[in-house]
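This report describes a structure chain by chain, beginning with overall content and ending with the contact between chains.

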Amino acid sequence: MEVIEKLSILADAAKYDASCASSGTQLRDSKGSSSIGSTTGMGICHSYAPDGRCISLLKILLTNLCIYDCVYCVNRHSSNVHRARFTTKEVVDLTISFYKRNYIEGLFLSSGIIQNPNYTMEQLVTVAKSLREDHGFRGYIHLKTIPDADESLIHQAGIYADRLSINIELPSTESLISLAPEKNVKSIRSSMGTLKSHIEESKEEQSSKKVSRITYVKKESKKALTKNAVRKTKRSEKLFAPAGQSTQMIVGADSSNDFKILTTSHQLYKSFGMRRVYYSAFSPIPDASKQLPLTEPPLLREHRIYQADWLMRFYGFQVSELVNTQTQPMLDLDIDPKLNWALRNRDIFPIDINRADREILLRVPGLGPRNVQRILQSRAFHRLSLEDLKRMRLSLKKIKPFISTADYHPASSLIDHENLKAKLVDPKQHQLTLF
Amino acid sequence: MTNACFIQLDEYATYEDWYPYARYCLHHHIVPSDVHWQNDNIDDLFCNDSNSQQLTIEQAQNFKPGNSNQIRVNRNFVILARYSCCFLHPDRFAVMYRILWRVVHEDNLLLADITDPDIHLANRWAKAVGRDRHKMKAFVRFKEIKFANEDPHYVAWFEPEHAIVKLTSDFFRDRFYGMDWSILTPYLCVHWVKGTLTFTQGCDKSQAPQEDALEDLWRTYYLNIFNPARLKVKAMCAEMPKKYWHNLPESSLIDPLIKQAERAKQAMIEKKPTDPLLPSKTKFDREKWINSK
């Protein structure tokens, strides 16, 4: 089979993993070396597909053959999709060739399970090792980690990769048992725990300067390096998976409600120091299983869950403030969860832009962490007016009912207005299932 | 009698070109309203104004303030000015000189007052330049030129909105240190060959190679990583504005993919489930595997 045909099958098979992040790793570049590659703080999106998703990494499977039979998965054992398998060299060559043309930031490699978990993990590690050691590649590498693989293999993966991820797949243990019978929730969680401790240990060791020196210098070119370059590589000692770990949960393949999903996320962030939990609306796949009838993917629900996730991580919201088992197990699809919270807690508004603390400002619908920062910064100079907020490009329509400024004190009737929700919801939005 | 002057700069001049003049004027106490920055080829009235002398680059560069006279400026000003001076607006140098003057003579903390009109404007310019720079890092597409006995050379054609080539060339150098490359743009070209960075004047698109053998593979990837069940064209266009499309090899796929998406999704939904072909005994047996370890 030609590489181009393999690529079409193995990219198609990889697209249900939502992550494409190339951010938050150690900063490094190829200065002074004969190789290529660098990382940036934020990562770069080199293209966008018409599904609105960023293309930052070459996201492929090594093979879509799989001995697991997870009902929701396009690559499950019982599916009749076309199968293909890259050699490790083909993946390495594709990554380097794409990188040299500035198509990508690096590689996100995953795989179906072939032979057994250890064999599969070894194959993934071989690719990463070759990129780093044979090619001195300094770009970004994200490796999917097979939870049943031995710890020594997981350790090797973290030496070469920037990020590792193990998918939790489903929000509840019962769902995992019924939909992914070969997977095991204990094994998944214990591997996440292993990753967490390796990541933390490596950081601690580096800060105490005990870390063994792992560098990405091409073997044969070590001698040719100038003094400067050697100093540089020493400074950027490679940490274990410096971009941390992430995971993914499928939304809408089982009957779990948003409360269950967000509670599970909260716990994943807290217990394993996850950098990100990705949510993937269960979407029609080629040759789907009889067990899961296909419908439109719940994209709006996925979007609301992401918003809630953001509120928990950057705005200081608790899960219980957004959803609860009794009265509101699902997020409102009509309005975003922050506005929903504000409408249920009208008594704290209006908030004085010139006096309120950061935590309180973050509760104002229409104000994000960056704008809150700018407000705090500029109100040190003078009391802020509506005109100042407008100049900061804030949407006055959104925030006006919830604030007061030097020149604006809304009548309390505005916040108590029964139609406030209707006023703030974009009427067009009701017709939209996608945005 | 004033010490008013006018300064002639190139249309695509940036911070480095502006800096010696700004330093000269600041040290000679020339107030912002007396400095006329000109950065296009249109004659304006100041050139012929007898009260206004041209400050030449030699004068500006030869002027070295003594140690005791050094004027210190906050590092944040330099960062802001490097960016906002790339924004192709005829007033950029005048505005930045005015801000410099105000920082030195009026308010040391001026930059933090983001509601000040000058600061607001400079920040807006810097932000646009930052975005343009980010898009350049993202959307430059190198095409390989092969040579018989030499390493290949990678060449890209890019059309930046602002004068960002110099500001962005270090990024490309540090990322593609081990290969030879050129980025050609209409106003300035940058080359990294055998470990040396050089700049040459702008050129047109015909100077750049038209295609690369790898582009078919890249398009195959783009085609297959797209999920037709999640069409969100607006989200795509917000991040990858149409003005960049004509230099992206994958862009020819966008319209057909959008048109076929609905049908592709429906086909997946309506397709009848098939019976598995692989024997189920080849599935994973967790217990056996755990016991074998």
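The text below covers the fold of each chain, some backbone features and the interface of a predicted model.

**Chain A: content and sheet**

The secondary structure of chain A consists of 17 helices and ten strands. Chain A has 435 residues, and 50% of them count as buried. Among its contacts with a separation of 6 or more, 70% are made by residues 24 or more positions apart.

Six strands of chain A make an open, parallel sheet, ordered β3-β4-β5-β6-β7-β8. The edge positions belong to β3 and β8 (276–281) of chain A; each has a single partner strand, so one side of each has no neighbour in the sheet. From one strand to the next the twist averages 20 degrees. β3(A) and β4(A) run parallel and are joined by five bridges. Leu58(A) has Leu107(A), in β4(A), as its bridge partner. Packed on this sheet is helix α8 (residues 258–272) of chain A, which touches β7 (245–251) and β8 of chain A. The direction of α8(A) makes about 170 degrees with that of β7(A).

**Backbone features**

Most residues other than glycine have a negative phi, and most peptide bonds are trans. The table lists residues with a positive phi.

| Residue | Phi | Location |
|---|---|---|
| Asn102(A) | near 65 degrees | loop between α2 and β4 (106–110) of chain A |
| Arg393(A) | near 65 degrees | loop between α14 and α15 (396–399) of chain A |
| His29(B) | about 55 degrees | just after α1(B) |

Is Asn102(A) buried or exposed? A residue is buried if 20 or more other C-beta atoms lie within 10 Å of its own. Asn102(A) has 22 other C-beta atoms within 10 Å, and is therefore buried. Arg393(A) has 9 C-beta neighbours inside 10 Å, so Arg393(A) counts as exposed; the cut-off for exposed is 12 or fewer.

Chain A also contains a cis peptide bond, which joins Phe349(A) and Pro350(A) with omega about -5 degrees. Pro350(A) lies in the loop between α11 (337–344) and β9 (351–352) of chain A.

**Chain B: domains, helix α1 and sheet**

Chain B is assigned three stretches: domain 1 (5–132), domain 2 (140–207) and domain 3 (215–270). Taken over C-alpha atoms, the centres of domain 2 and domain 3 of chain B are separated by 28 Å.

Helix α1 of chain B covers residues 15–27, 13 residues in total. From its first C-alpha to its last, α1(B) reaches 18 Å, close to the 18 Å expected at 1.5 Å a residue. Which residues of α1(B) are buried? They are Tyr15(B), Trp18(B), Tyr21(B), Ala22(B), Tyr24(B) and Cys25(B). An α-helix has 3.6 residues a turn, so residues three or four places apart point the same way. The cover over the buried residues of α1(B) includes two strands, β1 (5–8) and β2 (35–38) of chain B, together with the helices α2 (57–62), α3 (75–84) and α4 (92–105) of chain B.

Chain B has an open sheet of five strands with mixed pairing, in the order β4-β5-β6-β7-β8. Here β4 (143–145) and β8 (196–201) of chain B are the edge strands; a single partner strand pairs with each, so one side of each is left without a neighbour in the sheet. The average twist from one strand to the next is 20 degrees. Six bridges pair β7 (residues 188–193) of chain B with β8(B) in the antiparallel sense. Opposite Cys189(B) stands Thr200(B) in β8(B). Helix α6 (residues 165–175) of chain B packs on the sheet and touches β6 (180–184), β7 and β8 of chain B. Between the directions of α6(B) and β7(B) the angle is about 20 degrees.

**Contact between the chains**

How many residues does each chain give to the contact? Chain A contributes 63 residues and chain B contributes 58 residues. On the side of chain A that touches chain B, at least two residues each come from α1 (3–12), β1 (47–48), β2 (54–55), β3 (57–61), α2 (88–100), α13 (369–378) and α14 (386–391) of chain A. α1(A) supplies the largest share of that side, five residues. By type, the residues of chain A that touch chain B are 27 nonpolar, 21 polar and 15 charged.

Definitions and conventions: Residues numbered from 1 in each chain as written. Chains lettered and ligands numbered in written order. Predicted model: local features only at pLDDT ≥ 70, side-chain atom pairs only at ≥ 80, totals over all residues. Contact = placed C-beta atoms within 7 Å. Helix = DSSP H or I, 4+ residues; strand = E, 2+ residues; numbered from the N terminus. Nonpolar A, V, L, I, M, F, W, Y, C, P; charged D, E, K, R; others polar. Domains from an automatic or database assignment. Pairing = 2+ DSSP bridges. Axes fitted to C-alpha atoms, helices over the stretch in contact; angles between N-to-C directions. Expected span 1.5 Å × (residues − 1).
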